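Notebook open, viewer loaded. I'm jotting down what I look up as I go.

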Amino acid sequence: MEIIRSPREMRSWSKRAREAARTLALVPTMGFFHDGHLGLMRRGKEVADQVVVSLFVNPIQFGPNEDLARYPRAFERDRDLAEKAGVAVLFVPAVEDVYPAGFATRVEVDSLTATLCGASRPGHFAGVTTVVTKLFNMVQPDCAIFGEKDFQQLAVIRKMVADLNMPVSIVSHPIVREADGLAMSSRNAYLSPEERIRALSLSRSLRLAREQVAAGEQDPIRLRETVVAELRRAGADDIDYVEIVDADTLAPSAVISEKSLLALAVRIGRTRLIDNTLLVG
Ligand code: AMP
(Lines give C-alpha, C1' and ligand atoms only; values in the text may rest on other atoms or scores of the structure.)
Protein backbone atom coordinates (compact mmCIF):
# COMPACT_ATOMS: atom_id res chain seq x y z
CA MET A 1 0.00 0.00 0.00
CA GLU A 2 1.26 3.46 -0.86
CA ILE A 3 0.88 6.39 1.50
CA ILE A 4 0.44 9.62 -0.42
CA ARG A 5 0.37 13.00 1.29
CA SER A 6 0.61 15.47 -1.56
CA PRO A 7 -2.54 16.26 -3.60
CA ARG A 8 -0.37 16.71 -6.71
CA GLU A 9 1.15 13.25 -6.24
CA MET A 10 -2.32 11.81 -5.67
CA ARG A 11 -3.50 13.21 -8.99
CA SER A 12 -0.55 11.82 -10.89
CA TRP A 13 -1.01 8.39 -9.27
CA SER A 14 -4.65 8.50 -10.31
CA LYS A 15 -3.73 9.57 -13.86
CA ARG A 16 -1.40 6.56 -14.16
CA ALA A 17 -4.17 4.26 -12.91
CA ARG A 18 -6.55 5.65 -15.54
CA GLU A 19 -3.93 5.24 -18.27
CA ALA A 20 -3.61 1.60 -17.23
CA ALA A 21 -7.44 1.32 -17.46
CA ARG A 22 -7.78 0.58 -13.75
CA THR A 23 -11.00 1.78 -12.11
CA LEU A 24 -10.78 3.53 -8.74
CA ALA A 25 -13.06 3.58 -5.72
CA LEU A 26 -12.59 6.32 -3.14
CA VAL A 27 -13.53 5.82 0.51
CA PRO A 28 -13.46 9.21 2.27
CA THR A 29 -12.84 8.92 6.03
CA MET A 30 -11.67 10.86 9.06
CA GLY A 31 -9.71 7.84 10.32
CA PHE A 32 -9.75 5.90 13.61
CA PHE A 33 -10.94 2.92 11.63
CA HIS A 34 -13.53 0.42 12.80
CA ASP A 35 -15.41 -2.34 11.00
CA GLY A 36 -17.74 0.22 9.40
CA HIS A 37 -14.80 1.81 7.58
CA LEU A 38 -13.39 -1.63 6.71
CA GLY A 39 -16.78 -2.66 5.26
CA LEU A 40 -16.67 0.38 2.97
CA MET A 41 -13.14 -0.56 1.85
CA ARG A 42 -14.24 -4.13 1.08
CA ARG A 43 -17.19 -2.80 -0.90
CA GLY A 44 -14.77 -0.58 -2.80
CA LYS A 45 -12.76 -3.63 -3.82
CA GLU A 46 -15.93 -5.26 -5.16
CA VAL A 47 -16.89 -2.32 -7.35
CA ALA A 48 -13.50 -1.11 -8.63
CA ASP A 49 -10.02 -2.41 -9.44
CA GLN A 50 -8.28 -0.36 -6.77
CA VAL A 51 -9.31 1.40 -3.58
CA VAL A 52 -8.05 4.77 -2.40
CA VAL A 53 -8.89 5.64 1.21
CA SER A 54 -8.59 9.26 2.22
CA LEU A 55 -7.83 10.00 5.87
CA PHE A 56 -8.47 13.64 6.63
CA VAL A 57 -10.05 15.18 9.72
CA ASN A 58 -11.78 18.02 7.91
CA PRO A 59 -11.69 21.15 10.09
CA ILE A 60 -14.38 23.04 8.16
CA GLN A 61 -17.10 20.50 8.91
CA PHE A 62 -16.74 21.00 12.68
CA GLY A 63 -18.58 23.80 14.50
CA PRO A 64 -16.68 26.07 16.92
CA ASN A 65 -17.81 24.13 20.00
CA GLU A 66 -17.42 20.67 18.50
CA ASP A 67 -14.76 18.00 18.95
CA LEU A 68 -12.19 18.83 16.23
CA ALA A 69 -9.28 19.15 18.68
CA ARG A 70 -10.01 15.90 20.50
CA TYR A 71 -11.22 13.83 17.51
CA PRO A 72 -9.54 10.40 17.96
CA ARG A 73 -6.48 9.74 15.81
CA ALA A 74 -4.35 6.58 15.44
CA PHE A 75 -2.36 6.80 12.23
CA GLU A 76 -0.18 3.67 12.57
CA ARG A 77 -3.14 1.49 13.49
CA ASP A 78 -5.22 2.90 10.61
CA ARG A 79 -2.34 2.37 8.18
CA ASP A 80 -2.04 -1.32 9.22
CA LEU A 81 -5.80 -1.92 8.98
CA ALA A 82 -6.04 -0.30 5.54
CA GLU A 83 -3.06 -2.31 4.32
CA LYS A 84 -4.63 -5.56 5.57
CA ALA A 85 -7.90 -4.62 3.84
CA GLY A 86 -6.06 -4.51 0.52
CA VAL A 87 -6.22 -0.75 -0.02
CA ALA A 88 -3.94 0.52 -2.81
CA VAL A 89 -3.41 4.06 -1.52
CA LEU A 90 -3.92 5.72 1.84
CA PHE A 91 -4.23 9.41 0.97
CA VAL A 92 -3.40 11.63 3.96
CA PRO A 93 -3.31 15.27 2.87
CA ALA A 94 -2.19 17.97 5.30
CA VAL A 95 -4.68 20.64 6.33
CA GLU A 96 -2.43 23.36 4.76
CA ASP A 97 -2.52 21.53 1.43
CA VAL A 98 -6.29 21.13 1.42
CA TYR A 99 -6.98 24.67 2.68
CA PRO A 100 -3.99 26.85 1.81
CA ALA A 101 -3.93 30.46 3.01
CA GLY A 102 -6.61 32.45 1.20
CA PHE A 103 -8.86 29.45 0.48
CA ALA A 104 -12.27 31.03 -0.15
CA THR A 105 -14.66 28.59 -1.85
CA ARG A 106 -17.64 26.66 -0.51
CA VAL A 107 -19.70 24.01 -2.27
CA GLU A 108 -23.16 24.05 -0.72
CA VAL A 109 -26.30 22.02 -1.42
CA ASP A 110 -29.36 24.18 -0.71
CA SER A 111 -31.93 21.43 -0.26
CA LEU A 112 -31.72 18.53 2.22
CA THR A 113 -29.36 20.41 4.52
CA ALA A 114 -31.71 22.51 6.68
CA THR A 115 -33.13 19.64 8.74
CA LEU A 116 -31.82 16.85 11.01
CA CYS A 117 -28.04 17.21 11.51
CA GLY A 118 -28.04 20.32 9.29
CA ALA A 119 -30.32 22.12 11.74
CA SER A 120 -28.15 21.41 14.78
CA ARG A 121 -24.78 21.71 13.01
CA PRO A 122 -24.89 24.92 10.91
CA GLY A 123 -22.26 24.87 8.16
CA HIS A 124 -21.50 21.18 8.67
CA PHE A 125 -22.76 19.94 5.32
CA ALA A 126 -21.14 22.79 3.40
CA GLY A 127 -17.88 21.64 5.01
CA VAL A 128 -18.58 18.06 3.94
CA THR A 129 -19.57 18.87 0.35
CA THR A 130 -16.60 21.21 -0.05
CA VAL A 131 -14.09 18.62 1.10
CA VAL A 132 -15.72 15.79 -0.85
CA THR A 133 -15.59 17.93 -4.02
CA LYS A 134 -11.91 18.58 -3.39
CA LEU A 135 -11.22 14.89 -2.73
CA PHE A 136 -13.04 13.95 -5.94
CA ASN A 137 -10.86 16.43 -7.84
CA MET A 138 -7.66 15.21 -6.23
CA VAL A 139 -8.35 11.47 -6.53
CA GLN A 140 -10.58 11.45 -9.64
CA PRO A 141 -12.33 8.21 -8.66
CA ASP A 142 -14.90 6.32 -10.75
CA CYS A 143 -16.98 5.72 -7.65
CA ALA A 144 -17.05 6.66 -3.99
CA ILE A 145 -18.38 4.66 -1.07
CA PHE A 146 -20.35 6.23 1.78
CA GLY A 147 -22.00 4.65 4.83
CA GLU A 148 -25.74 4.76 5.51
CA LYS A 149 -24.91 5.58 9.12
CA ASP A 150 -24.58 9.20 7.92
CA PHE A 151 -27.80 8.96 5.95
CA GLN A 152 -28.28 12.69 5.41
CA GLN A 153 -24.66 13.07 4.29
CA LEU A 154 -25.23 10.33 1.71
CA ALA A 155 -28.38 12.07 0.40
CA VAL A 156 -26.62 15.45 0.23
CA ILE A 157 -23.64 14.00 -1.65
CA ARG A 158 -25.90 12.21 -4.13
CA LYS A 159 -27.66 15.53 -4.74
CA MET A 160 -24.39 17.42 -5.19
CA VAL A 161 -23.06 14.83 -7.65
CA ALA A 162 -26.29 14.97 -9.68
CA ASP A 163 -26.58 18.77 -9.60
CA LEU A 164 -22.94 19.36 -10.55
CA ASN A 165 -22.66 16.52 -13.12
CA MET A 166 -19.77 14.98 -11.24
CA PRO A 167 -18.59 11.82 -13.04
CA VAL A 168 -18.50 9.74 -9.84
CA SER A 169 -21.01 7.04 -8.99
CA ILE A 170 -22.03 6.98 -5.36
CA VAL A 171 -22.24 3.59 -3.69
CA SER A 172 -23.80 3.18 -0.25
CA HIS A 173 -23.00 0.65 2.45
CA PRO A 174 -25.37 -0.49 5.24
CA ILE A 175 -24.73 0.48 8.86
CA VAL A 176 -22.21 -1.81 10.57
CA ARG A 177 -23.06 -2.46 14.22
CA GLU A 178 -21.40 -3.90 17.31
CA ALA A 179 -22.79 -7.30 18.40
CA ASP A 180 -25.10 -5.55 20.90
CA GLY A 181 -26.55 -3.18 18.28
CA LEU A 182 -24.54 0.03 18.81
CA ALA A 183 -23.71 1.57 15.41
CA MET A 184 -19.94 1.67 15.03
CA SER A 185 -18.46 5.17 15.20
CA SER A 186 -15.05 6.66 15.85
CA ARG A 187 -16.81 8.78 18.49
CA ASN A 188 -17.76 5.65 20.49
CA ALA A 189 -14.18 5.90 21.81
CA TYR A 190 -15.29 8.90 23.89
CA LEU A 191 -17.81 6.83 25.87
CA SER A 192 -17.07 5.72 29.45
CA PRO A 193 -18.12 2.11 30.26
CA GLU A 194 -21.27 3.47 31.92
CA GLU A 195 -22.07 5.71 28.91
CA ARG A 196 -21.37 2.81 26.53
CA ILE A 197 -24.31 0.97 28.16
CA ARG A 198 -26.59 4.01 27.88
CA ALA A 199 -25.55 4.44 24.23
CA LEU A 200 -27.54 1.29 23.50
CA SER A 201 -30.63 3.47 23.91
CA LEU A 202 -30.23 4.56 20.27
CA SER A 203 -30.33 1.15 18.58
CA ARG A 204 -32.82 -0.14 21.13
CA SER A 205 -35.30 2.65 20.39
CA LEU A 206 -34.91 2.09 16.63
CA ARG A 207 -35.63 -1.61 17.13
CA LEU A 208 -38.68 -0.80 19.25
CA ALA A 209 -39.97 1.53 16.52
CA ARG A 210 -39.62 -1.15 13.86
CA GLU A 211 -41.45 -3.61 16.10
CA GLN A 212 -44.30 -1.14 16.65
CA VAL A 213 -44.61 -0.56 12.90
CA ALA A 214 -44.59 -4.31 12.26
CA ALA A 215 -47.39 -4.57 14.87
CA GLY A 216 -49.50 -2.04 12.94
CA GLU A 217 -48.47 1.43 14.16
CA GLN A 218 -48.96 3.89 11.29
CA ASP A 219 -48.96 7.25 13.02
CA PRO A 220 -45.53 8.98 12.87
CA ILE A 221 -46.39 11.37 15.72
CA ARG A 222 -47.28 8.57 18.13
CA LEU A 223 -44.29 6.53 16.99
CA ARG A 224 -41.96 9.46 17.58
CA GLU A 225 -43.33 9.85 21.12
CA THR A 226 -42.66 6.18 21.80
CA VAL A 227 -39.07 6.56 20.58
CA VAL A 228 -38.44 9.69 22.66
CA ALA A 229 -39.84 7.94 25.76
CA GLU A 230 -37.64 4.89 25.17
CA LEU A 231 -34.54 7.06 24.66
CA ARG A 232 -35.18 8.85 27.95
CA ARG A 233 -35.94 5.60 29.78
CA ALA A 234 -32.76 3.95 28.47
CA GLY A 235 -30.53 6.83 29.54
CA ALA A 236 -30.08 9.36 26.72
CA ASP A 237 -28.95 12.66 28.28
CA ASP A 238 -30.15 15.05 25.62
CA ILE A 239 -32.20 14.44 22.50
CA ASP A 240 -31.02 16.56 19.59
CA TYR A 241 -33.68 15.24 17.21
CA VAL A 242 -35.92 12.26 16.53
CA GLU A 243 -37.50 12.52 13.09
CA ILE A 244 -39.47 10.26 10.76
CA VAL A 245 -38.74 11.38 7.21
CA ASP A 246 -38.99 10.26 3.61
CA ALA A 247 -35.68 8.53 2.80
CA ASP A 248 -35.35 10.34 -0.54
CA THR A 249 -36.50 13.87 0.24
CA LEU A 250 -35.84 13.91 4.02
CA ALA A 251 -39.22 15.68 4.37
CA PRO A 252 -41.36 14.58 7.35
CA SER A 253 -43.44 11.44 6.65
CA ALA A 254 -47.18 12.06 6.99
CA VAL A 255 -47.80 8.32 7.21
CA ILE A 256 -45.43 5.43 7.72
CA SER A 257 -44.47 3.75 4.44
CA GLU A 258 -41.61 1.63 3.11
CA LYS A 259 -39.81 4.92 2.38
CA SER A 260 -40.00 6.14 5.98
CA LEU A 261 -36.71 6.57 7.75
CA LEU A 262 -36.39 7.09 11.48
CA ALA A 263 -33.30 9.19 12.20
CA LEU A 264 -32.04 10.37 15.54
CA ALA A 265 -29.20 12.25 17.20
CA VAL A 266 -28.69 11.97 20.91
CA ARG A 267 -26.13 13.08 23.47
CA ILE A 268 -24.73 10.51 25.87
CA GLY A 269 -22.67 12.53 28.34
CA ARG A 270 -20.73 14.94 26.09
CA THR A 271 -20.80 12.59 23.09
CA ARG A 272 -23.24 13.21 20.25
CA LEU A 273 -24.25 9.98 18.50
CA ILE A 274 -26.47 9.40 15.47
CA ASP A 275 -28.33 6.37 14.15
CA ASN A 276 -31.15 5.61 11.72
CA THR A 277 -33.25 2.84 10.26
CA LEU A 278 -35.90 2.31 7.64
CA LEU A 279 -39.11 1.53 9.49
CA VAL A 280 -40.51 -1.11 7.15
CA GLY A 281 -38.85 -4.24 5.75
P1 AMP B 1 -16.05 9.01 9.26
O2 AMP B 1 -14.63 8.55 9.34
O3 AMP B 1 -16.79 8.87 10.55
O4 AMP B 1 -16.18 10.37 8.61
O5 AMP B 1 -16.79 8.01 8.28
C6 AMP B 1 -16.29 7.72 7.01
C7 AMP B 1 -17.31 6.92 6.24
O8 AMP B 1 -17.60 5.72 6.97
C9 AMP B 1 -18.64 7.65 6.05
O10 AMP B 1 -19.13 7.36 4.76
C11 AMP B 1 -19.52 7.03 7.11
O12 AMP B 1 -20.89 7.04 6.79
C13 AMP B 1 -19.00 5.61 7.12
N14 AMP B 1 -19.31 4.95 8.39
C15 AMP B 1 -18.99 5.38 9.63
N16 AMP B 1 -19.49 4.53 10.56
C17 AMP B 1 -20.15 3.57 9.88
C18 AMP B 1 -20.89 2.41 10.27
N19 AMP B 1 -21.06 2.07 11.53
N20 AMP B 1 -21.43 1.65 9.28
C21 AMP B 1 -21.28 1.99 7.98
N22 AMP B 1 -20.60 3.05 7.56
C23 AMP B 1 -20.03 3.84 8.49
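I began with the partner of Val27, which is Val53 in strand β3. This is a predicted model, so I keep in mind that everything below is computed from it.

**Entry 1: β2 and its neighbours**

I looked up where β2 sits, and it covers residues 24–29. Its pairing with β3 (residues 50–55) is parallel and has six bridges. Besides Val27 with Val53, I noted Leu24 opposite Gln50 in β3.

Next I checked for another partner of β2 and found β5 (residues 143–147), also parallel, joined by two bridges. There, Leu26 has Ala144 as its bridge partner.

Is β2 mostly covered or mostly open? Mostly covered: six of its six residues are buried. I sorted the side chains by direction and got Leu24, Leu26 and Pro28 on one side, with Ala25, Val27 and Thr29 on the other. That fits the textbook pattern, in which side chains of a regular strand alternate between the two faces of the sheet.

**Entry 2: β3**

I ran the same check on β3, and again six of its six residues are buried. One side carries Gln50, Val52 and Ser54, and the other carries Val51, Val53 and Leu55. I wrote down that Gln50 and Ser54 are among the buried ones.

Which strand does β3 pair with through three bridges? That is β4 (residues 89–91), running parallel to β3. For a concrete contact I picked Val52, whose bridge partner in β4 is Val89.

I then traced the connections. From β2 the unit goes through helix α2 (residues 35–47) to β3, a right-handed β-α-β unit. From β3 I followed helix α3 (residues 75–84) to β4, and this β-α-β unit is right-handed too.

**Entry 3: cavity and pocket**

How many cavities of 30 Å³ or more does the count give? I got one. For the largest cavity I noted a volume of about 40 Å³. Its lining consists of Lys149, Leu182, Ala183, Ser185, Asn188, Leu202, Leu273, Ile274 and Asp275. By class I have five nonpolar, two polar and two charged residues in that lining. Strand β9 (residues 271–278) gives the largest share of it, three residues.

I also opened the second largest pocket, which has a volume of about 240 Å³. Of its 16 lining residues, Leu55, Phe56, Val57, Arg73 and Val92 are the closest to its centre. Leu55 I had already met as a buried residue of β3. The pocket's lining splits into 12 nonpolar, one polar and three charged residues.

**Entry 4: cysteines**

I searched for disulfides and the count came to zero. As a reminder to myself, a disulfide is a covalent bond between the sulfur atoms of two cysteines. I looked at two cysteines anyway. Cys117 counts as buried because its relative accessibility is 8%, under the 20% cut-off. Cys143 has a relative accessible area of 5%, so it is buried as well.

**Entry 5: Pro193**

Last stop was Pro193, which I found in helix α8 (residues 193–198). Is Pro193 buried or exposed? Exposed, because its relative accessible area is 69% and the cut-off is over 50%. I also took a distance to Arg42: the two are 151 residues apart in sequence and 30 Å apart in space, C-alpha to C-alpha.

Definitions and conventions. Residues are numbered from 1 along each chain as its sequence is written. This is a predicted model: local features need pLDDT of at least 70, side-chain atom pairs count only at pLDDT 80 or more; totals for chains, interfaces and linings use all residues. Side-chain values use heavy atoms; hydrogens and water are left out. On a 1 Å grid over the protein atoms alone, a cavity is a set of points where a 1.4 Å probe fits but cannot get out, and a pocket is an open set with protein on both sides within 12 Å along at least five of seven lines; lining residues have an atom within 4 Å of a point. Grid points are joined across faces, edges and corners, and a volume is the space filled by probe spheres set on the points. Helices (H or I, at least four residues) and strands (E, at least two) are DSSP runs, numbered from the N terminus. Ala, Val, Leu, Ile, Met, Phe, Trp, Tyr, Cys and Pro count as nonpolar, Asp, Glu, Lys and Arg as charged, and the others, Gly among them, as polar. Buried means under 20% relative accessible area, exposed over 50%, partly exposed in between (1.4 Å probe, protein chains only). Two strands pair if DSSP finds at least two bridges between them. A crossover is right-handed if, with the strands pointing away from the viewer, the path from the first strand over the helix to the second runs clockwise. A disulfide is a pair of cysteine sulfur atoms within 2.5 Å.
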